Amino acid sequence: MSDLTGVLLKRRAWRQPVFLVACFLLAFFNRSAAAKATADVDTGKKAGTVYFSGDSISREDAEAIFMEAVTAKITGDKDLAFDKYSILAAHNKLGATPHYELSSIWLQRNNIPRALTEIKRAVELDSANKWFQVQYADLLAYDGQYLKAASVFHQLAEKDRHPEDYLMREAFLYKKAEHYREALAVTDKLKVLLGEDDEGVLLERQQLFLNLNDVEGAAGEIKKLIQFYPYESKYMILLAEIYQNNGFEQKADKVFKDLEVKFPEDIAAQFALVMFYLKREDEANYTRYLRKVIVNKEASLDDRIKLVIPLLQFKEKHQLAMELSGILAHTEPGQVNALQFYSFRTVQRRSW
């Protein structure tokens with residue numbers, strides 16, 4: 001995709017684990033503060049008390065420890081947060097959340113096996129929590145277990161009313177695992193949800209067909225984009241390049257000719273035609289479109305200069321280079337004198 005991950009982060013940027021922490025913080029705040037004060041008076045336990053595996057921790061103590069862990073996390077004391085969550089996890093207090101938090105800390109420490117162990121335990125304790133499931137799938141993917149991760153996202157998609165993000169991740173993971181047909185099957189579902197004209201889905205499908213060495217399948221997806229977006233030259237250019245790069249020369253020629261007719265003044269089309277005629281060794285048309293690009297101010301000056309400089313390396317192209325340098329100097333007065341001087345000096349030296 002195509003970067004599917006980028007799309008995902010944009011669509012669900014607000015749904016982060018910090019939201020979960022905030023929920024617990026609100027839920028426990030009032031009760032925890034009172035319980036901790038009572039515990040300190042009745043038992044003499046203070047913050048920082050060390051608990052051993054044989055100790056028994058009350059619900060009130062666990063909530064107080066949880067608050068200390070949350071505070072440590074917010075203030076950036078990751079080691080203290082790790083110690084507090086570890087106490088809760090070791091004593092099976094407050095369910096899955098301590099394991100989830102420990103998984104996040106292990107991930108930050110780049111210890112993927114331990115992070116996976118903790119998140120797997122969190123999922124076992126609370127399989128209905130989708131954020132635990134998402135973290136589990138992300139860690140599986142990070143560990144290279146793409147098919148297992150795809151399976152988790154598949155299950156999440158089946159349960160969600162708006163499963164687009166999960167399906168995108170599932171398709172991406174199948175692609176990473178080189179299971180291209182499975183990825184295509186997932187994008188079929190995405191087309192239903194996002195629309196037949198969704199550019200991201202069609203471009204992703206085009207790439208998947210190419211991965212399967214199905215050039216016509218890839219071309220078919222781009223033809224749909226041309227149909228849906230007839231005023232965009234980039235899709236005709238992409239179709240021509242797909243044919244050209246895969247040895248379908250006659251079909252590439254036809255698309256480039258159609259591009260020439262439909263987008264004669266489009267700068268992207270002109271650049272594409274310069275390269276097309278260069279590869280075809282069609283000197284007349286190459287020069288014609290090179291001149292068109294040089295005077296087209298839709299292209300940046302730097303891009304136009306980059307088309308001229310390589311010509312200076314070939315003696316037979318010196319005259320053309322000087323001509324184009326002069327055109328640039330005329331269309332961009334005061335900005336390309338250095339290029340003219342460089343061209344002149346280069347031609348002079350090569351003439352010696």
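## Asp-160 and its loop

Let's start with Asp-160, which sits in the loop between α8 (146–159) and α9 (164–176). Keep in mind as you look around that this is a predicted model. Is Asp-160 buried or exposed? Its relative accessible area is 19%, and the cut-off for buried is under 20%, so Asp-160 counts as buried.

The side chain of Asp-160 has some company. One of its polar atoms lies 2.7 Å from the backbone nitrogen of His-162. Asp-160 also forms a salt bridge with Lys-130, where the closest N and O atoms are 3.9 Å apart. Lys-130 belongs to helix α7, while Asp-160 is in the loop between α8 and α9, so this pair ties together parts that are 30 residues apart in sequence. Unlike buried Asp-160, Lys-130 is partly exposed, with a relative accessible area of 28%.

## More salt bridges, around helix α11

How many salt bridges does a search of the whole structure find? It turns up 19 salt bridges. Here are two that involve helix α11.

Take Glu-204, which pairs with Lys-175; the closest N and O atoms in this salt bridge are 3.3 Å apart. This one links distant parts of the chain, with Glu-204 in helix α11 (residues 199–211) and Lys-175 in helix α9, 29 residues apart. Both Glu-204 and Lys-175 are buried.

Then there's Arg-205, in a salt bridge with Asp-188 whose closest N and O atoms are 3.0 Å apart. Here the link runs from Arg-205 in helix α11 to Asp-188 in helix α10 (residues 180–194), 17 residues apart. Arg-205 counts as buried at 7% relative accessibility, whereas Asp-188 is partly exposed, with a relative accessible area of 38%. And the story doesn't stop with that pair: salt bridges that share partners join Asp-188, Arg-205, Glu-221 and Lys-224 into one network.

## A walk along helix α10

Now for α10 itself. At 1.5 Å a residue, its 15 residues should span 21 Å, and the end C-alpha atoms are 20 Å apart, which agrees.

Which residues of α10 are buried? They are Tyr-180, Ala-183, Leu-184, Val-186, Thr-187, Leu-190 and Lys-191. These residues cover an arc of only 160 degrees around the axis, so they end up on the same side of α10. Turned away from that buried side is a face carrying the exposed residues Arg-181 and Val-192. As for what covers the buried residues of α10, the list includes α9, α11 and α12 (215–228). Just after the helix comes Gly-195, with a positive phi of about 110 degrees.

## The nonpolar cores

Finally, the greasy parts. The largest nonpolar core has 53 residues, and the ones with the most contacts inside it are Tyr-85, Leu-88, Leu-116, Ile-119, Phe-132, Tyr-136 and Phe-153. Helix α7 (residues 130–142) supplies the largest share of this core, 7 residues. Lys-130, the partner of Asp-160 in that earlier salt bridge, lies in α7 too.

Ile-119 is a handy residue to click on. Leaving aside residues up to four places away in sequence, Ile-119 touches His-99, Tyr-100, Ser-103, Phe-132, Gln-135, Tyr-136 and Leu-139. Apart from the largest core lies another core, of 42 residues, including Ala-219, Ala-252, Leu-307 and Leu-324.

Technical notes. Residues are numbered from 1 along each chain as its sequence is written. This is a predicted model: local features need pLDDT of at least 70, side-chain atom pairs count only at pLDDT 80 or more; totals for chains, interfaces and linings use all residues. Side-chain values use heavy atoms; hydrogens and water are left out. A nonpolar core is a set of buried Ala, Val, Leu, Ile, Met, Phe, Trp, Tyr and Cys residues joined through side-chain atoms within 4.5 Å. Buried means under 20% relative accessible area, exposed over 50%, partly exposed in between (1.4 Å probe, protein chains only). Helices (H or I, at least four residues) and strands (E, at least two) are DSSP runs, numbered from the N terminus. Contact means heavy atoms within 4.5 Å. A polar contact is a pair of N or O atoms within 3.5 Å; within protein, one must be able to donate a hydrogen and the other to accept it, and residues adjacent in sequence count only if both atoms are side-chain atoms. A salt bridge is a side-chain nitrogen of Lys or Arg within 4 Å of a carboxyl oxygen of Asp or Glu. The expected span of a helix is 1.5 Å times one less than its number of residues. The arc is that of the directions from the helix axis to the C-beta atoms.
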